[in-house]
Amino acid sequence: MIPEDAAAIVSRAASTSFAEHLGRDHPELLPSNRSTGIIAPAAGSAAGLAPHATTIVSLTFSGGVLMAGDRRATMGNIIASRHIEKVFPGDLFSVLGIAGSAGIGLDLTRLFQVELEHYEKIEGTRMSLDGKANRLAAMVRQNLPMALQGLAVVPLLAGFDTERREGRLFSFDVTGGRYEEQEHHSIGSGSVFARGALKKLWKPNLDESTAVQVAVESLYDAADDDSATGGPDVVRQLWPVIYTVNSAGARRVPERELEEAALGIIGRRSVAGREA
Amino acid sequence: MTQQFYVSPEQLMKDRADFARKGIGRGRSVIVLACRDGIALVAENPSPSLHKLGEIYDRIAFAAVGKYNEFESLRQAGVRYADVRGYSYAREDVTARGLASVYAQSLGAVFTAESKPFEVELVVAEVGETPAEDHLYRLTFDGSIADETGLVVIGGAADAVVSALRDSWSRDLTFPEAIRAGVASLQNDGAAGQPPHRLTPDVLEVAVLDRQPGTTRGSRRAFRRLAAPELESILTDGGDT
């Protein structure tokens, strides 16, 4: 903290990014620099070495946006965790979910959370939603070398845009591409099945509690067909993690509400007694 | 070749200290007071955007008087220090004590080594779960650090403000009571013998560190800035003098 030369102070003062600060002063702390030695791509994929986080669904509803994630992480054919949480609040008005290499995804999430809070404290104002999406895209891009080794992580960002007064959704690719999604989107191994369900279940101007039902049901359908996605676990009382974001901020949907939604779906489907 | 005149180290330090004191003495006072609800920070500040009070971390706040550019760079450095530490260790590992000692080292190094000392005085405040766990550190331009209990006043007419505050402050105050006491005593912050000047919400900057931010606001961040309307209602409710 002792000032060096004047020019260095000015350039430091101009930076409001926590990730940039880390890159300059503590490069070893960046998730992209944590790897020790690069495995040659020829040696094959490293994907089987670490737990893999699976399905995330996200959808807009009247006055906000919602994100839900199942509770399973897999390592090859093994269930690595039944309790993992893959949806996190970014700040007051945004949430993000991760799919792919779980460890890198959790690191990325932590860095992103600090990045937003750091900006807010230094600048005295919150980052715009587009700003958040761009920062996240840059962080995903930094992980590209690891992604090529098979340790890819792709987030999904949902937030309430306080300027436009609406919920918005952003998906990303490993090269740092940032795509705004309409209505609903899902990522991860079960995303194909979840998206199919969402197409039938999602309607414009859903209210918040119906949106929670839709999210739980689409995850149920994903778990039905994808072995890497966990369904509601009645024995262990495990339900998906769901966050909603509206003009009042991000809120974690309480367990009780999720249990009700999950048991409702199981009940209805049992009564129907059909194949799907 | 020019001849360097001998200046004794005592004289050199005294000159630097006098210079820094003069700069700080020009500014208005800032009050930091612990109470039942948490820690209240009250400052006279006509600018709504150039803050004297700031958030450092979950339970830690910063208050400063003196030159804006100097204490703002210290505040930003403090935020970086806290965020790096919280990111690389854990959020609980960021403490006011650690931050205050880093500040003390920086201020001390600048005071002795640089061509001009920082003309600032700082308070680092950390709110605890109970009033006994509150920490208030006062840091002066030469790097001295003092662990204060209950209340700290920094800035030009600090002594006058402290004596005005001693009668009205106690540990059991609520936030509105503490803020009213703080504002009332800030009004005595003038040159000796001058009548108190009235302070309206538009020239006040007030922030609080909530003792239980999780239960009151559902957030782990205790720092909250009070907007003018809220401040207005706090000040008028108590029949402010």
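In these close-ups, buried means under 20% relative accessible area. The structure shown is a predicted model, and the views below take us through some of its salt bridges.

**View 1. A salt bridge in chain B, between B:D134 and B:R211.** The closest N and O atoms of this pair are 3.0 Å apart. B:D134 sits in the loop between β5 (120–126) and β6 (135–139) of chain B, while B:R211 belongs to the loop between β9 (204–210) and α6 (213–217), so the salt bridge ties together parts that are 77 residues apart in sequence. B:D134 has 12% relative accessibility and therefore counts as buried. B:R211, at 5%, counts as buried too.

**View 2. A network of salt bridges in chain A.** Here, shared partners link A:D130, A:D161, A:R164, A:E166, A:R168, A:R178 and A:E180 into one network.

**View 3. A:K132 of chain A meets A:D91.** The two side chains form a salt bridge with an N to O distance of 3.1 Å. A:K132 comes from helix α4 (residues 129–142) and A:D91 from strand β6 (residues 87–91), so parts lying 41 residues apart in sequence are tied together by this pair. Both A:K132 and A:D91 are buried.

**View 4. A salt bridge within helix α3 of chain A.** A:K121 pairs with A:E117, and their closest N and O atoms are 3.0 Å apart. Both residues lie in helix α3 (residues 102–123), separated by 4 residues, or about one turn of the helix. A:K121 counts as buried at 4% relative accessibility, and A:E117 counts as buried at 5%.

Over all chains, the count comes to 38 salt bridges.

Note on methods
Residues numbered from 1 in each chain as written. Chains lettered and ligands numbered in written order. Predicted model: local features only at pLDDT ≥ 70, side-chain atom pairs only at ≥ 80, totals over all residues. Heavy atoms only, no water. Salt bridge = Lys/Arg side-chain N within 4 Å of Asp/Glu carboxyl O. Helix = DSSP H or I, 4+ residues; strand = E, 2+ residues; numbered from the N terminus. Buried < 20%, exposed > 50% of the residue type's maximum accessible area, 1.4 Å probe, protein only.
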